[in-house]
Amino acid sequence: MGHWQPQPQGLRELTILLRDAMSPEGHDQTLVQQKLASFHQIPDYNSYLVYLLVMKEQDPYTRAIAGLTLKNNLRSHFNSMPLSVLEHVKESCIHSLQTPEPDANVRKAIGSVITTIVTHGQVHHWPQVLALLVQQLDSHHTITVQMAWDCLSKICEDAARELDQDMDGVRPLRTMIPKFIQFFYHPNSDLRAQAISATSQFVLLGSQSLMCEMEAYLAGLFATAADPHPKVRVEVCRSFVLLIDARPDKMEPYLPSIIEYMIYSTKDSEDQVVLEACDFWLQFANVQGFGERLLPYLPQIVPLLLSKMAYSESDLIGLEGDEEDCHLQDDEKDIKPKFYRHKTVPLSKKQASKEGGGGGEHEREEDNEDNEDEDDEDNKSEEREDDDFDDDDDEDDDFDDDEFYSEWTLRKCSAAALDRLSTAYPEDLVKVLLPLVHQNLFSTDWKEREAGILALGAVAEGGMESIASHLPGLISFLLQSLNDTKPLVRSITCWAMGRFSSWYVEQCQTPEGRRTFFEPVLYNLLQRLLDKNKRVQEAACSAFATMEEEATVELIPYLEPILIHLTTAFCLYQHKNLLILYDALGTLAESVGNALNQPQCLSLMMPPLIAKWNGLSDQSTNLFPLLECLSSITTALGVGFAPFAEPVFSRCVKLVASYLHETFLATQAHNYDPPDVEFMIVALDLLSGVTQGLGKLVDPLVAASDPPLVSLLAVCIHDPVTEVLQSTYALIGDLAIACFDRLKESLPSLMPEIISKLSTDYESVSVCNNAIWAAGEIVMRWDGIEPYIEPLFQRLVLFLMEPKIPESLKENATITIGRLGLASPSLLSHQPTYFIRPWLDVSLGMRENDEKDTAFCGLCELIKVSPYHVIDVSFKF
């Protein structure tokens, strides 16, 4: 396709369309975008775009837009692009590289196209461009070298791992790294910065090609450490941060000099340099074996970090927090999306700690006397986040709220570094920090006071033991600061109070401690919940939620004032803070449980919630946090929720039915958007909460559901979304406990699907867990279970035999196998005896509860029928 030429008419139309897209005034942008989308029907559409990109007679802006459009097309349609067109695009890009391009924007566009082809098509499919780019680094033409670096920088960033592999017996990076290091000394500061940045992409990979050049690499970094250009110093500091994280051993011989340099850089006049330097201290605290090396430098580092934590004037311009603004509506674009997070109800605290279930200390305690099977809830898995999310990435979440903006700022990084250092050197750091903070706290400059409070909160967790003896005086000061005239001081004080919550909750152990510390903090935080400033409201609500998690039942004597303040906030808060308020109320329910089931609490709590419930449409995403909150409340109230249950239950059934209907329509019509799956998940979970809470009282609600709830579950059980399946199996198990007769008729169609999910090749631990748990509840109650005994056993026994199976799955399998013995010991007696030993081994580690009792009763029934199952088993006590 090397001689491809565009049709003049088509080229003119595309050029005009791209210009219209660049100039929205006077043009219907929807129509413009539709026309551009229609060009995808033309096989050589991207040939037209690359023609415009490399056409020097065209104006640079149009060329750059054509290049960016081509890049986006490559990203979206790479695998479906005709090979002839792709080859033509490659040839055109190669030609443009060999012809110096004066316009920087066009150069970047060409570089983006090349990078996209390399990263999507893999480096080894286009080795010519890599060889050409490296060759052009030796060019005498500055523009040619700059263009080569523009491409190489992006390729190194996006395809670093591929570059460090052999291609036809040659590893490109072995020759590229030495060439890159040469540019550390180049007279052009932009090229120096690009070279250091490109080389640093291979540090975290532990690239052998870079390790072979480590001496030269470090020498180059040292040579540019005092570079007069800030962008070079930024890259040098960033490289040291990566090295201390990935290869601290390579830095060890030079550590004193590097520490001194990073201290020097923390004083730099350029904020971006300081930001990277602060990140170094954050990473250094994680390095094993280097702890003592930093101790002598703490008196220099801590004051520097504290000095960077005060708001700058430019910071304050963007905050707009110094006003009474609670009456102003929120700007919806400033509200971060809130993703529904399923509550975690671990099998036991022991298992939650083993599996990192994200909700470790919560345990559902149901005082519902009507629900005699309450312990059967214990083994239901609601550890939703485990499958897809790693909570370990949230180490610095305490610095992610709006007190510190949403971006990674110098203030936020300094606080996070202080936090991490206080964990690594608690006693030594607190000893250095406290005298400095004392000066800040009593400064006449409110920004200094605010920074001092931020520093206290930052070291609250890591340095708690070392700072504890000073807390009586500090808490008194913080209580005063909650009434500061500056909203930013009040908000940061709320945040700090949240960080110290474990300490003042601990003071409840004595009447004096409760009276002197716990109660003043509680009442002052409640006052700040009703602050006239939205930022303070947000911080106070978050801090109070943290306090709830720590205090749990200690809050029971104060429920009435707590609920008065929380429900008053419903009338005061705008949209954004309402989301946090729902969370605080849900956390209260989880913390105090059935203690909320009192007439005065219900009369305070339920009317505003029901008003919000009635005021939201079924299509409103604001239902998510409200449904989540109600789910916690229904579980806590138990039968106390009965007067409010019918409309909630009916609406959730309607939400499930609507989701299924809209999903069906979306599969039938290409122009019909699929519904938001969160509606389905939160509705199923709230139905589960109501069922657990009401127990047998839920039966008439299930019977009256329209469409019938059980028939909807028969559809949900085939849903491809993991979270939907998890919630579906949880609800099936709940219904089996609460109103089995409503489920019974559908079991012949449900059981084969449940059994299919009992596989050691599970896609989701939580789905598998809930399927096993639901099967166990059904086994206990169904007189028609016999045809399923053998297939259930054959699947479940595999969980006991596999060593790498998660403990939660093994325990659930153990319980359900035991229940098979209760249901039909004679059928189970036909199974081999080899499962008894691993069954007993697993059961030894399980906590004592009704579920374990039923499992052992089943085993005993089996032994009665078939004593030979335990003849060869040696019992350990």
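1. Helices in this note are DSSP runs of H or I with at least four residues, and they are numbered from the N terminus. The structure is a predicted model. By that convention P707 belongs to a loop, the one between α38 (699-704) and α39 (709-716). The peptide bond that joins D706 to P707 is cis, with omega at about 0°.

2. The overall composition may be stated next. The protein contains 48 helices and zero strands. Of its 877 residues, 56% are buried. The exposed area of the protein is about 37,400 Å², and 51% of that area is supplied by carbon and sulfur atoms. Among contacts with a separation of 6 or more, 75% are between residues 24 or more positions apart.

3. W281 illustrates a buried position. This residue is part of helix α17, and it counts as buried because its relative accessible area is 1%, where the limit is under 20%. Which residues does W281 contact, leaving aside neighbours within four places in sequence? They are I259, M262, I263, T266, L294, I301, L305, A417 and L421. For one of these partners, L305, the C-alpha to C-alpha distance from W281 is 9.5 Å, with the two positions 24 residues apart in sequence.

4. Salt bridges number 35 in the model. One of them pairs R238 with E276, whose closest N and O atoms are 2.9 Å apart. R238 belongs to helix α14 (residues 230-246) and E276 to helix α17 (residues 271-284), so this pair ties together parts that are 38 residues apart in sequence. Are the two partners buried or exposed, or partly exposed? R238 is partly exposed, at 29% relative accessibility, whereas E276 is buried, at 9%.

5. A further salt bridge is formed by E313 and K447, with 3.8 Å between the closest N and O atoms. The two residues are 134 residues apart, and the bridge links distant parts of the chain: helix α20 (residues 313-319) holds E313, and helix α25 (residues 446-458) holds K447. The accessibility of the partners also deserves mention. E313 counts as exposed because its relative accessibility is 54%, the threshold being over 50%. K447, at 17% relative accessibility, counts as buried.

6. The side chains of E538 and K576 also meet in a salt bridge, at 3.9 Å from N to O. Here helix α31 contributes E538 and helix α33 contributes K576; the pair links distant parts of the chain, 38 residues apart. E538 is buried, at 14% relative accessibility. Elsewhere, salt bridges join K56, R63 and E101 in a network.

7. A patch of negative charge is present on the surface, where E549, E550, D583 and E590 gather. Two elements give two or more residues to this negative patch, namely α31 (534-551) and α33 (575-592). E550 has its place in helix α31. Why can E550 be called partly exposed? Its relative accessible area is 40%, which falls between the limits of 20% and 50% and therefore gives that class.

8. The loop between α31 and α32 (559-572) contains T552. The phi angle of T552 is near 45°, which is a positive value in a residue other than glycine. T552 counts as partly exposed, with a relative accessibility of 29%.

9. The last residue considered is E519, in helix α30 (residues 511-529). At 22% relative accessibility, E519 is classed as partly exposed. Not counting residues up to four places away in sequence, E519 touches R514 and Y558. How far apart are the C-alpha atoms of E519 and Y558, and what is the separation of these residues along the chain? The C-alpha atoms are separated by 9.2 Å, and the residues are 39 residues apart along the chain.

Definitions and conventions. Residues numbered from 1 in each chain as written. Predicted model: local features only at pLDDT ≥ 70, side-chain atom pairs only at ≥ 80, totals over all residues. Heavy atoms only, no water. Patch = residues over 30% accessible without salt bridge, like charges linked within 9 Å, V, L, I, M, F, W, Y side chains within 5 Å. Areas by Shrake-Rupley, 256 points an atom, 1.4 Å probe, with all protein chains shown as cover. Salt bridge = Lys/Arg side-chain N within 4 Å of Asp/Glu carboxyl O. Lys, Arg positive; Asp, Glu negative; His and termini not counted. Charge placed at Lys NZ, Arg CZ, Asp CG, Glu CD. Buried < 20%, exposed > 50% of the residue type's maximum accessible area, 1.4 Å probe, protein only. Contact = heavy atoms within 4.5 Å.
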